[in-house]
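Subject: Structure handover

Hello,

Here is the structure I said I would pass on. My notes come after it.

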Amino acid sequence: MIYIIFALIIMSFLLLNWFSSKNLKPFFETTQLQFDEEYMYITKNDGAFKWKFALLTKVVSEEKYWLVYNTKTQYAYVPKDIFLTEKDKATFKSYLYA
């Protein structure tokens with residue numbers, strides 16, 4: 001049992017080292033979301049993106065989040081609990097599926 005715990009600790013340090021060496025920020029960076037009738041605006045530490053709702057390629061709805069795809073490899077993770085009101089959440093959902 002001690003060997004397993006020791007191995008897990010070593011593997012977690014190696015994984016963190018790999019993330020930092022590869023500069024994989026998406027796991028740790030802050031993302032902001034704004035939207036209007038036509039566009040979804042995503043702001044991250046490394047820039048801002050403007051996606052048109054009508055051009056989204058796919059929306060995956062899960063219990064606690066949406067995965068909103070702009071292309072096959074470019075997507076945004078949108079938690080369903082970030083909206084201030086249920087009206088905002090419903091409005092955003094209607095734009096996703098319009």
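What follows is a short account of the strands, the core, the salt bridge and a surface patch.

Please keep in mind that this is a predicted model.

Strand pairs

Two hairpins are worth finding early. In one of them, strand β1 (residues 32–35) runs antiparallel to strand β2 (residues 39–44), and four bridges connect the pair. The hairpin between β1 and β2 passes through three residues. To locate the pairing on screen, look for Leu-33, which has Ile-42 of β2 opposite.

The other hairpin involves β5 (65–69) and β6 (75–79). These strands also pair in the antiparallel sense, here over five bridges, and five residues make the connection from β5 to β6. Trp-66 has Val-78 in β6 as its bridge partner.

Core

The largest nonpolar core has 12 residues: Met-40, Ile-42, Trp-51, Phe-53, Leu-56, Trp-66, Val-68, Ala-76, Val-78, Phe-83, Phe-92 and Leu-96. Two or more of these residues come from each of β2, β5, β6 and α2 (86–96). Both hairpins reappear here: Ile-42, the residue opposite Leu-33, is a core member, and the bridge partners Trp-66 and Val-78 belong to the core as well.

Salt bridge

How many salt bridges does the structure hold? There is one. It is formed by Lys-52 and Glu-38, whose closest N and O atoms are 3.2 Å apart. Lys-52 sits in strand β3 (residues 47–52) and Glu-38 in the loop between β1 and β2, so the pair links distant parts of the chain, 14 residues apart. Side chains of opposite charge can pair when their charged atoms come close.

Are the two partners buried or exposed? Lys-52 is partly exposed because its relative accessible area, 28%, falls between the 20% and 50% limits. Glu-38 is also partly exposed, at 40%.

Surface patch

A nonpolar patch lies on the surface, made of Met-1, Ile-4, Ile-5, Leu-8, Ile-9, Met-11 and Phe-13. Together these residues have about 800 Å² of accessible area. One of them, Ile-5, is in helix α1 (residues 2–22). Ile-5 has a relative accessibility of 46% and therefore counts as partly exposed. A patch residue needs over 30% relative accessible area, so Ile-5 meets that condition.

To go through the model in order, begin with the two hairpins, then turn to the core, the Lys-52 and Glu-38 pair, and the patch that includes Ile-5.

Regards

Note on methods:
Residues are numbered from 1 along each chain as its sequence is written. This is a predicted model: local features need pLDDT of at least 70, side-chain atom pairs count only at pLDDT 80 or more; totals for chains, interfaces and linings use all residues. Side-chain values use heavy atoms; hydrogens and water are left out. Two strands pair if DSSP finds at least two bridges between them. A nonpolar core is a set of buried Ala, Val, Leu, Ile, Met, Phe, Trp, Tyr and Cys residues joined through side-chain atoms within 4.5 Å. Buried means under 20% relative accessible area, exposed over 50%, partly exposed in between (1.4 Å probe, protein chains only). A salt bridge is a side-chain nitrogen of Lys or Arg within 4 Å of a carboxyl oxygen of Asp or Glu. Patches are made of residues with over 30% relative accessible area and no salt bridge: like charges are joined within 9 Å, nonpolar side chains (Val, Leu, Ile, Met, Phe, Trp, Tyr) within 5 Å. Accessible areas come from the Shrake-Rupley method with a 1.4 Å probe; for residues, only the protein chains shown count as cover.
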